[in-house]
Amino acid sequence: MSDPETGSEREQPAVTRRLLDTLERAVAPTEVRTLVLICDDRPVVLGRRVRERYPGADLTVLSEGWLPDVRNPAFGLLRFDDDHDVLLALAGLVPADLVVDLRAGRPEAVRATFHRAFLTLADGGRYVTRQEPGHRPEDGDLVDEVRELARRRALPAPRRRALSTALELGLGRALAGVAVDEELLVLRKSGEHVIKLGVDDTRVALAARGVEPRVIARVAPERHESASTVWSSDAGLAAERLSRTIEVGELTCTAYDDVLVAPQQVAVLERLLLPTSYFLPWQPARKTFGMRYHGPDFSALEADDGAPADLPGTYYHLDNQVPGHYGHVITHDLSKLWAWDAALAEYPDLKVLLSPSTETGEVPGYTYELLAAFGIGPERVHVITGPVRAERLVTATQAFQQPRFLSPVARDVWARVVAGLLPRAGDAPLPQRVFVSRRAAARRRCLNGDEVERRFRKAGFTVVYPEDLTLPDQARLFSTVTTIAGYAGSGLINTVFSAGPATRVVLASKSYWATNEYHIAALYGGDLHYFWCDPVPPGEGEDGTAYNPFHADYVFDVERDGPALDALLRSLAPRRMFGLSRSGGR
């Protein structure tokens, strides 16, 4: 028989009329508007056969590895090389009512594709594969996996979570029905899920869906050398984490129409999570605290979130996955305001959109105070407590993406905030050297902090707790004092309010990979002295609590690093106290 695709004599693919009859019986053509066919052989022939059975469906054929040169095949025809390509292809399509994987003798490949494709289905959609008895469990048979997912659904939640990955929990929750019809395994999916891709892939998928967002402002990527000199107690960690050359990514400010927005930084368009939804957008895990997490590719809104209310107007997305956390507000939220003026010029009625603290249910007063200092009054702040559908959402790339980069444009934002706060600051004399401590910290505690702070006090440092000061006085302190020490974290993040170069001394756990203080020093200049401390192993904290290494308590090694610290402190000879006027001059 002549091959319609190549003109050569080739055996027809092993898809029988009986199998297609079974498929049509299992999923009626009247129930299918969007259909995706996955195959590894003769995509045009198979596409035409399936098209005959489902003439009213919008059909796309995904062909593995090989694509014939056929003009106008009357359906979409895409090539894929791996399962990530499948996910990208499905992300650019309307959610399918039916996905059919007709590959035979490839149980492991079929199972892997199921992991990337099932949750892309529309609510109520069906996922169909061949049933091929005789495969060993180690071959990755999908039938066995589905049986196990169904079994786990009946288990108590703690046991189910202990046995399952985040993706398996999502697949199990979404698996609404399982049927075997002769040669076919037919799975029904329930619920709506959001696809999570990288920044560039999201842009491509939206373009495939016909979405053309408006770019309001753009800052080109750049490379620059650190303006700070760095001394580190651990040369290996310094080489790994404190790079001399900093690669700053592109920043864009973009306006999107008709966006689903939910608390804790969730923004969804065409079932794609927008990059503005991540405070660590480079992280491959793509964690989403405001949604049910199903691994790096999928998340879902909580079932009790309810239908989104319409929100007319234009909103600047300034929400956070940890709303109300001071360190996140300073670094992540404020650093997005680099494009506020450009967006406001485009949309004069523009408002800020954020959500309240998950602990208190309220937006902290300091958030309003910081925004007001920048020039955004409370009348321009809109707070959401549930999902809404914003008429227009303006998003700006986060200018501070630790531990990767801090864009220089963030410095202008923080300087503007300082300028707005200083007129309300006091004028009492300030110490020339301060140690920023942490009172009653719940995690990342320096367990021998009393000994550490004794050494700094002896060397003439004044120990301060930023929370004891008003925001204007904090801005005055950190924009003026030029020798600052302390524990890595929210306290030292206040050094973003610096007016210029400073000497900074940082104590941090080796397991705390955030390097905020380094990037701030690299931008403002001055000498940075970094002491790396040993984390306390899980379960050995003061209260016996097991820690995430990132949040682990730690101990300053007095024997190993004490001599170097003492030598540094001797070199920083104390000088006289001085006062400031309310204008902030020296």
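Before we start: helices (H or I, at least four residues) and strands (E, at least two) are DSSP runs, numbered from the N terminus. Keep in mind that this is a predicted model.

**Exercise 1.** Find where Arg286 sits, and work out whether Arg286 is buried or exposed.

*Solution.* Start with the strands: Arg286 is in the loop that links β15 (272-273) and β16 (292-293). Next, check the backbone: phi is positive there, about 50 degrees, even though Arg286 isn't a glycine. That's worth flagging, since most residues other than glycine have a negative phi. Last, accessibility: the cut-off for buried is under 20% relative accessible area, and Arg286 comes in at 17%, so Arg286 counts as buried.

**Exercise 2.** Do the same for Asp258: which element holds Asp258, and what is its exposure class?

*Solution.* Asp258 belongs to strand β13, which covers residues 251-262. Its phi is positive too, about 55 degrees, and Asp258 is no glycine. With a relative accessible area of 42%, Asp258 is partly exposed.

**Exercise 3.** Locate the peptide bond from Gln402 to Pro403 and say whether it is cis or trans.

*Solution.* First place Pro403: look in the loop between β22 (400-401) and β23 (405-406). Then read omega for the bond from Gln402 to Pro403: it is near 5 degrees, so the bond is cis.

**Exercise 4.** Pick out what Trp414 touches beyond its sequence neighbours.

*Solution.* Begin with the largest nonpolar core, which has 75 residues; Trp414 is among those with the most contacts inside it, as are Trp338 and Phe497. Now skip neighbours within four places in sequence: the contacts of Trp414 include Ile330, Leu334, Phe400, Val496 and Tyr524. Apart from that core lies another, of 48 residues, including Leu171 and Leu393.

Note on methods: Residues numbered from 1 in each chain as written. Predicted model: local features only at pLDDT ≥ 70, side-chain atom pairs only at ≥ 80, totals over all residues. Heavy atoms only, no water. Core = buried A, V, L, I, M, F, W, Y, C linked by side-chain atoms within 4.5 Å. Buried < 20%, exposed > 50% of the residue type's maximum accessible area, 1.4 Å probe, protein only. Contact = heavy atoms within 4.5 Å.
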